[in-house]
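Reader: I'm new to this one and would like a walk through it. Could you show me the structure and then take my questions one by one?

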There are 2 protein chains.
Amino acid sequence: MHMYTEIQGGITAPPGYLAAGIHCGIKRYKKDIAVLFSEVPAVAAATFTTNRAAAAPVLLSREILNTAQSIRGIVINSGNANACTGDRGMDDARSMIQTVTEKLGVSADQMLVSSTGIIGEYLPMDKVTTGITEAVKTLARDQNTAAAEAIMTTDTFTKEFAVRFRMNDTDVTIGGMAKGSGMIAPNMATMLAFVTSDIAISEALLKRALKTGVDRSFNSISVDGETSTNDMVLLMANGTANNILIDQANTTEFVLFSNALEYVLTTLAKMIVVDGEGATKLIEIEVNGADSELSARAACRAIGNSNLVKTAIHGEDPNWGRILVALGYSGVPFDPREVEIYFGSVPVIGKNYTINFNHDELRKELSRDQITLTVNLNRGDGFSKFWTCDLSKEYITINAQYRT
Amino acid sequence: MHMYTEIQGGITAPPGYLAAGIHCGIKRYKKDIAVLFSEVPAVAAATFTTNRAAAAPVLLSREILNTAQSIRGIVINSGNANACTGDRGMDDARSMIQTVTEKLGVSADQMLVSSTGIIGEYLPMDKVTTGITEAVKTLARDQNTAAAEAIMTTDTFTKEFAVRFRMNDTDVTIGGMAKGSGMIAPNMATMLAFVTSDIAISEALLKRALKTGVDRSFNSISVDGETSTNDMVLLMANGTANNILIDQANTTEFVLFSNALEYVLTTLAKMIVVDGEGATKLIEIEVNGADSELSARAACRAIGNSNLVKTAIHGEDPNWGRILVALGYSGVPFDPREVEIYFGSVPVIGKNYTINFNHDELRKELSRDQITLTVNLNRGDGFSKFWTCDLSKEYITINAQYRT
């Protein structure tokens with residue numbers, strides 16, 4: 001089905017990358033410091049949270065990336081988001097970069113920093129500094145899963161994925177790790193993803209591929225519809241595949257890479273949805289026939305963020321009315337009489353509100369762990385997919401019972 | 001505190017209005033047809049849902065109100081929203097108006113129509129026609145509560161409020177009834193409000209007062225953040241108070257009326273919030289110091305629609321981080337270091353993220369049934385209030401267990 005071969009190895013699947021994940025004591029028992037390092041300089045692209053209360057590591061990494069020609073990697077801690085921490089937070093983030101670059105023997109603008117966890121508390125810098133020093137010592141190709149563990153907060157499983165594909169006569173690899181889960185305060189469920197490749201590609205095209213890929217993956221999922229202070233997606237390409245540099249968008253090579261990247265990002269994004277707090281079902285929403293991809297995505301988002309749709313699916317209720325209402329307030333142009341809605345392959349409502357479905361088939365469809373809602377607006381070519389999870393009582397339990 | 005005297009009588013508190021509320025069989029046992037009628041022609045203003053899947057009665061009432069100089073009232077049914085019902089739904093809505101205007105002996109463009117309940121099903125028109133005929137026969141000044149009952153869907157109590165105030169040497173009365181509650185499908189929790197006054201006022205100023213009042217009341221509440229196919233607020237003024245016609249905005253009289261109207265609308269809106277599905281606490285959100293009232297309202301809405309804030313309050317958790325994060329993605333300009341947050345009168349976070357509160361006081365504040373969250377952005381004069389309820393497991397139970 002895919003021309004991409006799924007392989008093991010996560011972020012160190014592509015040659016030239018090393019990883020580390022250790023416990024330094026920010027959290028009581030679990031791993032809390034990760035380092036990702038490329039043995040050679042890599043071009044990089046990143047997307048950061050648009051939240052105005054962006055955390056210190058986000059502000060600092062954005063600043064570094066704005067001027068750096070290449071980078072070598074990133075240091076990440078979990079257990080503390082270093083958010084809402086003012087000037088001292090900025091100093092602490094700078095100090096993390098200083099420690100990791102000194103130990104690695106690279107210049108201070110070659111590494112980025114990322115944090116996730118409690119907000120409004122200062123980092124325990126003695127532990128963090130010792131931890132980074134230890135982590136650098138353990139950097140190795142086989143430490144990808146340790147790194148994936150060290151970035152977790154409320155996640156219940158590590159999220160890693162990698163693919164390899166043939167491009168002309170070269171093997172190209174893309175690997176990644178992510179963390180997500182619904183927000184649980186004071187651990188904000190920061191959505192973090194770190195993706196590596198050995199491809200040789202220009203920075204401009206790497207940015208372009210990442211933007212499209214993130215729009216179609218991490219920007220097309222919703223666990224609870226909120227953005228955090230620390231969200232970040234980083235993509236590095238270190239060129240060790242030795243392919244001819246990709247610097248034109250209208251080439252087979254760029255399309256091949258972009259599609260593979262989208263596949264990796266989408267797979268990681270779906271893992272985040274499946275691990276949503278209290279989630280029991282993965283809901284895939286497909287909107288076809290919208291005026292544009294943007295409209296289709298807005299329609300998907302309105303449906304996917306609707307508490308009522310999410311609760312109906314939890315209750316296995318084929319409630320097409322709630323879907324139509326969400327479409328109605330999405331701001332997307334459509335004529336309700338033209339709308340067709342399917343649950344899986346079972347039509348639920350047709351044009352002119354024609355209701356004609358097989359209850360048994362529908363009941364069976366709704367009992368699955370993965371449910372696809374397909375909506376056709378019958379207007380244009382706009383198409384988008386979106387992933388969300390159902391809303392269960394467990395979500396309330398997790399989020400109401402935590403005490404700050 | 002207020003110069004307005006709270007009185008009994010709801011929508012028939014102002015002279016010249018009659019009401020009816022009866023059971024016709026759309027619902028199994030409960031009242032489902034209401035009529036509101038002014039003995040003399042009244043100027044009217046209304047706001048309708050912006051949902052693109054607006055129901056037939058909304059489309060028809062909007063059309064009538066666009067051209068009518070005055071109206072006499074409205075016929076309302078509950079139990080069936082007449083939404084997503086296509087041409088037949090439009091015919092049914094027209095038929096309801098035809099029946100009620102014939103029985104009342106007024107012309108067909110003098111009455112409006114409104115529906116709430118199940119969507120995607122046709123009205124049982126035989127029952128509805130008989131019901132309207134019966135309702136008209138029972139029209140009386142003391143039937144206000146019967147009417148308020150007849151517009152309920154999942155509401156657990158009737159929502160009525162009326163005030164009287166002195167304007168120069170005249171008594172002026174404003175009365176209203178509403179229905180709300182979270183959406184429960186296929187009964188969409190349409191938010192309906194019908195407000196009457198005996199004031200003499202120009203249509204232009206009535207519209208203006210309603211727009212401001214609705215923005216500060218029904219548009220400043222959230223139960224589950226969704227808009228329905230049938231939302232409508234109607235305001236009628238029949239002039240029986242015999243005051244000198246108000247036709248200038250910059251007069252004491254207009255300000256007096258506008259404030260009284262806002263008080264009535266706000267009181268009804270809060271009743272809807274309190275009756276939210278599974279709600280155990282009324283949350284009042286105040287944002288001060290924003291760039292504008294619009295910014296303040298957007299900030300309020302982001303906080304009030306946040307599942308995480310609502311769940312935290314349910315768990316009596318003073319989670320200022322979630323409030324700051326919601327502010328961060330609201331799109332409203334602010335500097336997080338300038339933000340101050342209070343729970344009740346207890347400061348939770350001050351400028352530069354200063355945390356310094358008395359845990360016991362805070363715990364006491366959070367245990368109340370009504371909680372005020374005050375946020376000061378310390379930028380400008382923009383101020384807004386917003387009301388929402390907490391998010392409990394009961395919400396999930398109600399919305400997941402219903403079977404269409």
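**Questions about the model**

Author: Let's start with a helix: in α3(A), the buried residues are Met125(A), Val128(A), Gly131(A), Ile132(A), Thr133(A), Ala135(A) and Val136(A). Keep in mind that this is a predicted model.

Reader: How many residues does helix α3 of chain A have, and what is its reach from first C-alpha to last?

Author: Helix α3 covers residues 125-137 of chain A, which makes 13 residues. At 1.5 Å a residue, the expected value is 18 Å, and the helix comes close to that. From its first C-alpha to its last, α3(A) with its 13 residues reaches 18 Å.

Reader: What covers the buried residues of α3(A)?

Author: Both strands and a helix of chain A take part in the cover. Included are β2 (17-22), β3 (33-48), β4 (71-80) and α2 (86-104).

Reader: Which residues of β2(A) are buried on each of its faces?

Author: Six of the six residues of β2(A) are buried, so the strand is mostly covered. On one side these are Tyr17(A), Ala19(A) and Gly21(A). On the other side they are Leu18(A), Ala20(A) and Ile22(A).

Reader: Which residue of β3(A) is the bridge partner of Gly21(A)?

Author: β2(A) and β3(A) pair over six bridges, in the antiparallel sense. Gly21(A) is one of the residues buried in β2(A). Its bridge partner in β3(A) is Ala34(A).

Reader: Let's move to the open sheet of seven strands: which are its edge strands?

Author: The order in this sheet of chain A is β9-β16-β11-β15-β12-β13-β14, and the pairing is mixed. An edge strand here pairs on one side only. That leaves β9 (221-222) and β14 (354-355) of chain A.

Reader: What is the bridge partner of Ile341(A) in β15(A)?

Author: Strand β12 (residues 340-343) and strand β15 (residues 370-376) of chain A pair over four bridges in the antiparallel sense. Ile341(A) has its bridge partner in β15(A), and that partner is Val375(A).

Reader: Helix α8 of chain A packs on the sheet, so to speak; what angle does its direction make with that of β15(A)?

Author: Helix α8 (residues 307-314) touches β9, β11, β12, β15 and β16 of chain A. Its direction makes an angle with that of β15(A) of about 135°.

Reader: Now some rings. How far apart in sequence are the parts that the pair of Phe161(A) and Tyr263(A) ties together?

Author: Phe161(A) and Tyr263(A) are an edge-to-face aromatic pair, 5.5 Å centre to centre with 90° between the planes. Phe161(A) lies in strand β6 (residues 159-167) of chain A, whereas Tyr263(A) lies in helix α6 (residues 252-274) of chain A. So the parts tied together by this pair are apart in sequence by 102 residues.

Reader: Is Phe161(A) buried or exposed?

Author: The cut-off for buried is under 20% relative accessible area. Phe161(A) has a relative accessible area of 6%, so it counts as buried.

Reader: Over in chain B, why is strand β6 largely enclosed by the rest of the structure?

Author: Strand β6 of chain B spans residues 159-167 and has nine residues. It is largely enclosed because the number of these that are buried is seven.

Reader: And which residue takes a positive phi in the hairpin of β6(B) and β7(B)?

Author: β6(B) and strand β7 (residues 170-179) of chain B run antiparallel, joined by nine bridges. Their hairpin has two residues between the strands. The positive phi, near 55°, belongs to Asn168(B).

Methods:
Residues are numbered from 1 along each chain as its sequence is written. Chains are lettered from A and ligands numbered from 1 in the order in which they are written. This is a predicted model: local features need pLDDT of at least 70, side-chain atom pairs count only at pLDDT 80 or more; totals for chains, interfaces and linings use all residues. Side-chain values use heavy atoms; hydrogens and water are left out. Two strands pair if DSSP finds at least two bridges between them. Contact means heavy atoms within 4.5 Å. Axes are lines fitted to C-alpha atoms, for helices over the stretch in contact, and angles run from 0 to 180 degrees between N-to-C directions. Rings of Phe, Tyr and Trp (its six-membered ring) pair if their centres lie within 6.5 Å; planes under 30 degrees apart count as stacked, over 60 as edge-to-face and the rest as tilted. Buried means under 20% relative accessible area, exposed over 50%, partly exposed in between (1.4 Å probe, protein chains only). The expected span of a helix is 1.5 Å times one less than its number of residues.
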